[in-house]
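Work through the exercises below with the sequence and the coordinates open beside you, and try each task before reading its solution.

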Amino acid sequence: MQEAQDSLIRWNVKLVRIRSFFPANDLGLSGRIGIVTEEFNDQLRVHIPGKGLWWFFPEEVDMQCLPCFTFWTGGNVPDYFFDCLESLHFLGGLDVVLCLDGPKLDRVPVTVASLEDLLSRSELRVYHSLKGRFVEVNRADYFRIVVLAKYGGFYCDTDVFAIRPFSELVKDVSTYIASEDGLHLSNGIVYASSPHQPVFDYMYEHFLERYRPDTFNLVGPRWYSELVYMFDKVDYVSKRHYFVGWREFKKLFEPTSITVEELLQEGVYSVHLWGEMLRRTQFRVSDAHPDSLFVKLTRYLESKRPYVHSVITP
């Protein structure tokens, strides 16, 4: 892993959000997240995933963005995919960067990046070397660790439905992770205030030592639980993000009297939809009851969304 670790040590990056101005609006750059690669003569050279390299003046970018990386590998995206992305952006207040390994999407409401945009050559070699029975899970776990170590910000799974700003969770916090049941940690929502937080640098450096191709969860939640002492803030209030546990995931799609407003009053920030359970049981969210919490969440998002259709395209 030394070669990959060397690239991490050398990497000192800044992420920025491109402000709305002419001609950035017409070029489809406004609102996108970019990586600063060079600073010269009071200008910034910024790599924008899917759009290449551009020069900007400092006043044309927002240095105070709150990035949220998310990742999808494999086949077609599920029905809830776009609603979750938009909820993270519009309700969670996050600058979402979606990395795709496999599917091609025509219209996406966030910045879309490739693996090549975010991972170095040595990191890509490690990523593609991951094989075995749990290849997609292990690759997602590796990607999560790399982006948190290199860029900082949030990492959220694509089945996280946000309902309030995540910035409130991490004021004056260097690293954050939540529990799904009040005891065990989950890596579905993880945060680093800046690159090179010790826990993520450690996981980056020791990933291949820990990884076993046919063993589930060695580089996932189990590892995070073992390193709990390295996190600044561990949120054991499970309902904050995991209002319904994975064993009872179907309750999210059954009729309920619970409203989104009540969730907000109870301090809930997001609802985990348990996409893996939906996949395993082949449950379709389109079959959700009209009075289910899931449908209420989508209606709440519709009421807060500033436009009808997605406007940022790859």
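**Exercise 1. Locate D172, decide whether D172 is buried or exposed, and find how far D172 is from S193 in sequence and in space.**

Solution. Begin with the position in the chain: in this predicted model, D172 belongs to the loop that runs between β10 (160–162) and β11 (175–179). Next, take the relative accessible area, which is 83% for D172; since the cut-off for an exposed residue is over 50%, D172 is exposed. Finally, compare the two separations: D172 and S193 are 21 residues apart in sequence, while their C-alpha atoms are 8.7 Å apart in space.

**Exercise 2. Determine the strand order of the open sheet of five strands, name its edge strands, and give bridge partners for R17 and V36.**

Solution. Start from the central pairings and work outwards. Strand β1 (residues 14–18) and strand β2 (residues 33–40) run antiparallel and are joined by four bridges; within this pair, R17 stands opposite I33 of β2. On the other pairing of β1, strand β5 (residues 61–62) is matched in the antiparallel sense over two bridges, and here D62 is the bridge partner of R17. Strand β2 is in turn joined to strand β3 (residues 43–48) by five bridges, again with the two strands running antiparallel, and V36 has V46 as its bridge partner in β3. Putting the strands in sequence across the sheet gives the order β4-β3-β2-β1-β5, with antiparallel pairing. The edge strands are β4 (52–56) and β5, each of which pairs on one side only. As background to the bridge list, strands of a sheet pair through backbone hydrogen bonds, either parallel or antiparallel.

**Exercise 3. Describe how helix α6 packs against helix α7, giving the angle, the class of the angle, the handedness and the residues in contact.**

Solution. The first step is the geometry of the axes: helix α6 (residues 135–150) and helix α7 (residues 198–210) pack at an angle of about 135°, and their axes lie 8 Å apart. That makes α6 oblique to α7, because only angles over 145 degrees count as roughly antiparallel and those from 65 to 115 as roughly perpendicular. The second step is the sense of the crossing, which is left-handed for α6 and α7. The third step is the contact list: from α6 come N138, D141, Y142, I145, V146, L148 and A149, and these meet F200, D201, M203, Y204 and F207 of α7. Sorted by character, the residues of this contact comprise nine nonpolar, one polar and two charged.

**Exercise 4. Carry out the analysis for helix α3 and helix α11, and then examine the surroundings of S87.**

Solution. Helix α3 (residues 81–91) and helix α11 (residues 293–304) pack at an angle of about 50°, with 10 Å between their axes, and the two helices are therefore oblique to each other. Their crossing is left-handed. In the contact, D83, E86, S87 and L91 of α3 meet T298, Y300, L301 and K304 of α11, a group that divides into three nonpolar, two polar and three charged residues. Turning to the single residue, S87 lies in helix α3 and is buried, with a relative accessible area of 0%. Leaving aside residues up to four places away in sequence, S87 touches G92, V160, F161, A162 and L301.

**Exercise 5. Inspect the backbone at P23, W274 and Q282, and say what is notable about each.**

Solution. The reference point is that most residues other than glycine have a negative phi, and most peptide bonds are trans. Against this, the peptide bond from F22 to P23 is cis, with omega near 10°, and P23 is placed in the loop between β1 and α2 (24–27). W274, although not a glycine, has a positive phi of about 55°; W274 sits in the loop between β14 (270–272) and α10 (275–281). Q282 also has a positive phi of about 55° without being a glycine, and Q282 lies in the loop between α10 and α11. The last step is accessibility: W274 counts as buried at 10% relative accessibility, whereas Q282, with a relative accessible area of 69%, is exposed.

Technical notes. Residues numbered from 1 in each chain as written. Predicted model: local features only at pLDDT ≥ 70, side-chain atom pairs only at ≥ 80, totals over all residues. Heavy atoms only, no water. Axes fitted to C-alpha atoms, helices over the stretch in contact; angles between N-to-C directions. Parallel < 35°, antiparallel > 145°, perpendicular 65-115°, else oblique. Left-handed = near helix turned anticlockwise from the far one by under 90°. Contact = heavy atoms within 4.5 Å. Nonpolar A, V, L, I, M, F, W, Y, C, P; charged D, E, K, R; others polar. Pairing = 2+ DSSP bridges. Buried < 20%, exposed > 50% of the residue type's maximum accessible area, 1.4 Å probe, protein only.
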